[in-house]
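Biologist: I am new to this model and would like a close look at one strand in it, with its surroundings explained afterwards. Please begin with what that strand pairs with, and then work outwards from there.

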Amino acid sequence: MHEHSNNPERKLIVRFFSSIGFIATLVMGCIALTNSDYFLFFTLICSSLIYAWALSVYKNLEKSASAILYNLYALMIYLVLTGGAQGTGPIWIFIVSPVTFSIRGLKRGIVDIVLFLLAVILAFYCAHTFSIYNYQPDQFPYRVIFSFIIVAMLSGFYENSREKYNQKILALSKKNELLATIDPLTGLPNRRFTMNKLSEFKLALTKEQTPFVLILCDVDNFKKVNDEYGHSFGDEALIHLANILKQHIPNNAVASRWGGEEFLIAIPNVFNAKGVEISNKIHAALKQFPVNTSSESLSLTISMGVVQSHESDSIDIDIKRADELLYKAKEQGKNRTCSE
Ligand SMILES: Nc1nc2c(ncn2[C@@H]2O[C@H](COP(=O)(O)OP(=O)(O)OP(=O)(O)O)[C@@H](O)[C@H]2O)c(=O)[nH]1
């Protein structure tokens, strides 16, 4: 499948063009019938049926797109060859480049249009050589071909800008999506991202009995840190803590900034005891590595509540239990972990 056509926008375009093609060829077929032009009537009805089929298989984009385009090309070549109604047939070829580019995209569109152009030149040549239709004035075919090339180039230029613009928008929205899930100060995932991750962990617990542990952490006496050392030192302390948390959790775990000076760690595939072991390593690392700035140094301490998620409890209840244990750790004198 061509990557350009692999999205809902392409499906819409394919449906749109197959519907337009179906209606237009059907109406033109009926007009040909009233003019007693039976061969043109038969050609247009066949074309209309192909468009109807393309519409019915629109979910298979490649098939549907090829049916629309090759049907269109065949009809255009027929019109050029026979002159259509009183020699006006070639006028229709100008719709080919916008339709081709919007269905095929730029690169493949150029290939299709060059091949189509060669077929049109051949059709004009055959019409003249075999006296199928005698275009008047003689320069008419040259003018049509020349203006077709200009229209094709303009459509290609437009498609090129459109694709570049789309890519920019896509990159920007990906970047924004990422920013919306990351805490700008610590670079850790934020609450929103973590809630989604917790839902995944909960699903794995209920479906596959994969256990997971939550560790809720809160910096001790952080108001005092801010008051004594300043707010920017407080910020440095949070960044330092975030780095320590990242270094001490398994790769498949998530350490997130839950809000303010609170952090939540979620570790899949482990039981409570492993959560407590990790929390003890974090306490030790904070003791070993103080927050250092050019002028200040401080050993930060945190309190933690560790719980194992219960299959029967909601995520909110799990977090509430962790919060109760964290509160207990604070009550018992801080710089410690309480678990169930
Ligand atoms: N520097 C800085 N401070 C923050 C940030 N977010 C929250 N705080 C501060 O964190 C402090 C939290 O204070 P409290 O809730 O009283 O808690 P505490 O002083 O740590 O006391 P305990 O939790 O009982 O140990 C407040 O002073 C907030 O202003 C932040 O992003 N940067």
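Modeller: Strand β1 and strand β6 (residues 302-308) are paired antiparallel through seven bridges, where pairing requires that DSSP finds at least two bridges between two strands. Within that pairing, Val213 has Gln308 of β6 as its bridge partner. Strand β3 (residues 262-268) is also joined to β1 by seven bridges, again in the antiparallel sense, and here Phe212 stands opposite Pro268. The names follow DSSP runs numbered from the N terminus, helices being H or I runs of at least four residues and strands E runs of at least two.

Before going further, please keep in mind that this is a predicted model, in which local features need pLDDT of at least 70 and side-chain atom pairs count only at pLDDT 80 or more, while totals for chains, interfaces and linings use all residues. Residue numbers start from 1 along each chain as its sequence is written. For pLDDT, the predictor's confidence in each residue on a scale from 0 to 100, β1 (residues 212-219) has the highest mean in the protein chain, at 98, whereas strand β5 (residues 297-298) has the lowest, at 89. Across the protein chain the mean is 93, with 98% of residues at 70 or more, and the model scores ipTM 0.97 and pTM 0.66.

Is β1 covered or open? Eight of its eight residues are buried, a residue being buried if 20 or more other C-beta atoms, placed from the backbone, lie within 10 Å of its own, exposed if 12 or fewer, and partly exposed in between. In a regular strand the side chains alternate between the two faces of the sheet. In β1, one side carries Phe212, Leu214, Leu216 and Asp218 and the other Val213, Ile215, Cys217 and Val219, and both sides are covered.

The strand also takes part in the surroundings of the ligand, since β1, α8 (222-229) and α9 (231-247) each supply at least two residues of the shell around it. A residue counts as near the ligand if its C-beta atom, placed from the backbone, lies within 6 Å of it. Of the 17 residues around the ligand, those that come nearest are Asp220, Phe222, Lys223, Gly234 and Gly260. The shell divides into four nonpolar, five polar and eight charged residues, with Ala, Val, Leu, Ile, Met, Phe, Trp, Tyr, Cys and Pro taken as nonpolar, Asp, Glu, Lys and Arg as charged, and the others, Gly among them, as polar.

The loop between α7 (191-208) and β1 holds Gln209, a residue other than glycine whose phi is positive, near 55 degrees. Gln209 counts as exposed because it has 8 C-beta neighbours inside 10 Å. Another such residue is Lys334, with a positive phi of about 65 degrees, in the loop between α11 (315-331) and β7 (337-339); Lys334 is partly exposed, with 14 other C-beta atoms within 10 Å. Elsewhere, a cis peptide bond with omega of about -10 degrees joins Gln136 and Pro137, and Pro137 is found in the loop between α5 (106-129) and α6 (140-179). Such features deserve a second look because most residues other than glycine have a negative phi, and most peptide bonds are trans.

As a last stop, consider helix α10 (residues 272-288), where Asn280 is placed. Its 17 residues should span 24 Å at 1.5 Å a residue, and the end C-alpha atoms are 25 Å apart, which agrees; the expected span is 1.5 Å times one less than the number of residues. The buried residues of α10 are Gly275, Ile278, Ser279, Ile282 and Leu286. They cover an arc of only 100 degrees around the axis, so they lie on the same side of α10, the arc being that of the directions from the helix axis to the C-beta atoms. On the other side, Ala273, Glu277, Ala284, Lys287 and Gln288 are exposed. Asn280 is partly exposed, with 14 other C-beta atoms within 10 Å, and its C-alpha atom is separated by 7.5 Å from that of Thr337, 57 residues away along the chain.
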